[in-house]
Amino acid sequence: MQRHLISAADLTRDDAVLILDTAEEMARVADRPIKKLPTLRGRTIVNLFFEDSTRTRISFEAAEKRLSADVINFTAKGSSVSKGESLKDTAQTLEAMGVDAVVIRHGASGAPYRLANSGWIDAAVINAGDGTHQHPTQALLDAFTMRRRLIGRDAGIGQDLSGKRITIVGDVLHSRVARSNVDLLHTLGAEVTLVAPPTLVPVGVESWPCAVSYDLDSTLPKCDAVMMLRVQRERMNAAFFPTEREYARRYGLDGDRMAKLPEHAVVMHPGPMVRGMEITAEVADSDRCTAVEQVANGVSIRMAVLYLLLGGNEPAVTHTRTEEK
């Protein structure tokens, strides 16, 4: 494993499978009465969030506390950032406090890379989402969820996603989740198809390791998993489609479209969901939708990433002493 986790594209197949397998061991901790490991006791981790977040921030915090780390939560609102403090000054403040790792979410693409390579701070940097660029732990938890659902919890150990066909639907243009998933799923051997209105497909997408389609109905019968993306209105500065109703009619997943999926196929969503637009309540609440499962798996994945970056490279030993005897 490398020192930092900035982009899903930085991971090799072996790196990714090691993280997924370690997360499988970490998931067993969640089944215990006491959900704690002493692995990162004495280590200090800062959650540095310059953008709003619910799932990612709470998930990282839960992962850090389950590994017994000391956690400092930082949000830009109410901090010196609102007074004009730069990222460099914030980083140097954290360095002076002796932190061991920084989990950063930032609105500017490339901010985590800058933090990791600037020399401002001597700590592991984990990207929790930067602008429209990357969100590597989201891609990892999505792959973890797919492997569990499509291959099996125990059968999946050591396996990648070779031959699996994944369709990602929606606002690809503004989506760091789509970019990270395309990179990671390609590394793991899956075939990825992006489906979106032409106005929400990025320039240069032909160089990405995936196919592109504008017709959702023709791709659904052939896929093993379909991932619905939220339309990110907060990043839009133009009209990318006529109306919400037309978008939902052409690119939303409803019960009729879900019926076209193969029986084993799953419906995924990174959250937050806009019910009635990209996904209907009927689909969101069905057994085939893994949205809540993805949140639970996110804690296991983030525990695995923190463990491998700060704790060690060998698989995590999660057995009790009585079990070892």
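This talk describes the two sheets, the cores and several individual residues of the structure shown above.

Colleagues, the model is predicted: local features are reported at pLDDT of at least 70, side-chain atom pairs count at pLDDT 80 or more, and totals for chains, interfaces and linings use all residues. Residues are numbered from 1 along each chain as its sequence is written, and side-chain values use heavy atoms, with hydrogens and water left out.

I begin with the sheets. Helices (H or I, at least four residues) and strands (E, at least two) are DSSP runs, numbered from the N terminus. Two strands pair if DSSP finds at least two bridges between them. One open sheet has four strands in the order β2-β1-β3-β4, with parallel pairing. At its edges stand β2 (70-75) and β4 (124-130); each has a single partner strand, so one side of each is left without a neighbour in the sheet. From one strand to the next, the twist averages 15°. Here, axes are lines fitted to C-alpha atoms, for helices over the stretch in contact, and angles run from 0 to 180 degrees between N-to-C directions.

Consider strand β1, residues 44-49. Five bridges join β1 to β3 (residues 101-106), and the two run parallel. β1 also pairs with β2 in the parallel sense, over six bridges. Which residues stand across from V46? Its bridge partner in β3 is V102, and in β2 it stands opposite I72.

Next, burial. Buried means under 20% relative accessible area, exposed means over 50%, and partly exposed lies in between, with a 1.4 Å probe and protein chains only. Six of the six residues of β1 are buried, so this strand is largely enclosed by the rest of the structure. In a regular strand the side chains alternate between the two faces of the sheet. In β1 both faces are covered, with T44, V46 and L48 buried on one side and I45, N47 and F49 buried on the other. Helix α2 (residues 55-66) lies across β1, β2, β3 and β4, and runs at about 180° to β1.

The other open sheet has five strands in the order β7-β6-β5-β8-β9, again with parallel pairing. Its edge strands are β7 (211-213) and β9 (266-268); each has a single partner strand, so one side of each is left without a neighbour in the sheet. The twist in this sheet averages 20° from one strand to the next. Strand β5 (residues 165-169) pairs with strand β6 (residues 191-195) over five bridges in the parallel sense, and I166 stands opposite V192 in β6. Helix α6 (residues 176-187) lies across β5, β6 and β8 (225-228), at about 170° to β5.

I turn to the cores. A nonpolar core is a set of buried Ala, Val, Leu, Ile, Met, Phe, Trp, Tyr and Cys residues joined through side-chain atoms within 4.5 Å. The largest has 85 residues, of which L140, M146, L184, L194, V226 and I301 touch the most other members. Which helix gives the most to this core? Helix α11 (residues 291-311) does, with ten residues. Apart from this core lies another, of 19 residues, among them F74, A91, I104 and A116.

Helix α11 is mostly covered, as 16 of its 21 residues are buried. Its expected span, 1.5 Å times one less than its number of residues, is 30 Å, and its end C-alpha atoms are 29 Å apart, which agrees. α11 has a kink of about 25°, centred on N297; the bend at a residue is the angle between axes fitted to the seven residues ending there and the seven starting there.

N297 also appears among the contacts of T145, where contact means heavy atoms within 4.5 Å. Leaving aside neighbours within four places in sequence, T145 is in contact with M268, T290, E293, Q294 and N297. T145 lies in helix α5 (residues 136-150) and, at 1% relative accessibility, counts as buried.

Finally, two adjoining residues. Is R66, in helix α2, buried or exposed? R66 is partly exposed, with a relative accessible area of 23%. L67, found in the loop between α2 and β2, counts as buried at 0% relative accessibility. Beyond four places in sequence, the contacts of L67 include R41, M303, L306 and Y307, and those of R66 include K35, V299 and M303. L67 and R41 are 26 residues apart in sequence and 7.2 Å apart in space, C-alpha to C-alpha.
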